[in-house]
Amino acid sequence: MLLQRAEIGEVPVNWCNDDAATSSVMEAVSFVTPVLENFFIRTVVEGIRASGDASLVERCQAFIREESNHSLVHKKFNASLLDHLGRPPLGLTMVGALLEAARKHLSLSKRLALAAALEHLAAVISKLYVNQENKLEFALPYARELFDMHAREELAHRSVVFDLWLASGKSGYLSRFITILLVLGAGAAYVAVAVPWILHRKTGRRFLRTWACLSRFALKNCKSTLTHTPVSELLSFVRQGYHPESLIDEVHGSGTH
């Protein structure tokens, strides 16, 4: 809650690692966060109406409060980012449209499955972030606190939506596999569109400079991407008997077990 009242200050163009591409990736994540969390909150609110488990309802209510706070502080940060970008990134409307279509056309159980898969993705990314955050340098204290808080709270409540989904009825292997593939595909498409768009704005809308920044970023992070991309953890959502609590036994320094 403190971040809601904190002053952001002037946002440097390259506020993370003094690098335009890294900052663009972080900004793409920040912009999509309120869109996703609106879907989570609306889905969980509907889900707890059908739940008779008082303990699960209490956990869901705490989840809703945390996600609401995440959305508010990211919106505040995003408003400052618009000073440089002018408007939200390309691809954000696509994500919103896909989630709205899911809300209108999918059953509650399938929406909970989708929300659980998205939360699974968020937890895997948060684990990766917490384990790698010592390699990130922030020129903006607000951003450092924002992403740190968000990652740790995502890990802390990683099981809530999954448990609510299980309470609504289980789905088979194929359904889980399709759901997580759709989530990963849509996420990759958003990043592939939003990050270059943001970077293009940061480089003064110069195509060659944008391409050069992307190329340097890809080359610099190629080895790390190949060795640290948690493919098995991302796909563990499909595994028989999988539960988010087994995603991590311990995250160094996160206080999450």
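This is a short talk on the salt bridges, one buried histidine, a surface patch and some loop residues of this structure.

Good morning. One caution before we start: this is a predicted model.

Let's begin with the salt bridges. How many does a search of the whole structure find? Eight. I'll take you through some of them.

Start with Lys-202 and Glu-27. Their side chains meet in a salt bridge, 2.7 Å from N to O. Lys-202 sits in helix 8, and Glu-27 sits in helix 2, which covers residues 20-49. The two are 175 residues apart in sequence, so this pair ties together distant stretches of the chain. Buried or exposed, Lys-202 and Glu-27? Both are buried.

Next, Arg-111 and Glu-46. Here the side chains meet in a salt bridge at 3.0 Å, N to O. This pair also links distant parts of the chain: Arg-111 is in helix 5, Glu-46 is in helix 2, and 65 residues separate them. The two ends differ in exposure. Arg-111 has 8% relative accessibility, so it counts as buried. Glu-46 has a relative accessible area of 27%, which makes it partly exposed.

While we're on helix 5, a word about the helix itself. Helix 5 runs over residues 108-132, 25 residues in total. From its first C-alpha to its last it reaches 36 Å. What span is expected at 1.5 Å a residue? Also 36 Å, and the model comes close to that. Why call helix 5 largely enclosed by the rest of the structure? Because 19 of its 25 residues are buried.

Back to the pairs. Arg-158 forms a salt bridge with Glu-245, and the closest N and O atoms are 3.3 Å apart. Where are these two? Arg-158 lies in the loop between helix 6 (141-156) and helix 7, while Glu-245 lies in the segment after helix 10. They are 87 residues apart in sequence, so this bridge too ties separate parts together. Arg-158 is at 3% relative accessibility and counts as buried. Glu-245, at 37%, is partly exposed.

One more item on charges. Glu-133, Asp-148 and Arg-152 are linked in a network of salt bridges.

Now the histidine. His-74 lies in helix 3, residues 54-85. Why is His-74 called buried? Because its relative accessible area is 0%, and buried means under 20%. What does the side chain of His-74 join in a polar contact? The side chain of His-150, at 2.8 Å. Leave aside the neighbours of His-74 within four places in sequence, and its contacts are Ser-30, Thr-33, Pro-34, Leu-146, Phe-147 and His-150. So have a look at that spot on the screen.

From the interior to the surface. Eight residues to find here: Tyr-173, Leu-174, Phe-177, Ile-178, Leu-181, Leu-182, Val-231 and Leu-235. They form a nonpolar patch on the surface, with about 760 Å² of accessible area together. Which helices each supply at least two residues of the patch? Helix 8 and helix 10, the latter at 231-235. Helix 8 gives the most, with six residues. Think about helix geometry for a moment. An α-helix has 3.6 residues a turn, so residues three or four places apart point the same way. Take Leu-174 as one member of the patch. Leu-174 lies in helix 8. With a relative accessible area of 55%, Leu-174 is exposed.

Just before helix 8 comes Gly-172. Gly-172 is in the loop between helix 7 (160-167) and helix 8 (173-202). At 42% relative accessible area, Gly-172 is partly exposed. How far is Gly-172 from Val-193 in space? They are 32 Å apart, C-alpha to C-alpha, with their positions 21 residues apart in sequence.

Last stop: two backbone angles. Asn-17 has phi near 60°, a positive value in a residue other than glycine. Asp-18 also has a positive phi, near 50°. Where is Asn-17? In the loop between helix 1 (2-5) and helix 2. Asp-18 is in the loop between helix 1 and helix 2 as well. Asn-17 is partly exposed at 27% relative accessibility. Asp-18 is exposed, with a relative accessible area of 65%.

That's my tour. Thank you.

Note on methods
Residues numbered from 1 in each chain as written. Predicted model: local features only at pLDDT ≥ 70, side-chain atom pairs only at ≥ 80, totals over all residues. Heavy atoms only, no water. Helix = DSSP H or I, 4+ residues; strand = E, 2+ residues; numbered from the N terminus. Buried < 20%, exposed > 50% of the residue type's maximum accessible area, 1.4 Å probe, protein only. Patch = residues over 30% accessible without salt bridge, like charges linked within 9 Å, V, L, I, M, F, W, Y side chains within 5 Å. Areas by Shrake-Rupley, 256 points an atom, 1.4 Å probe, with all protein chains shown as cover. Salt bridge = Lys/Arg side-chain N within 4 Å of Asp/Glu carboxyl O. Polar contact = N/O pair within 3.5 Å; in protein donor to acceptor, adjacent residues only side chain to side chain. Contact = heavy atoms within 4.5 Å. Expected span 1.5 Å × (residues − 1).
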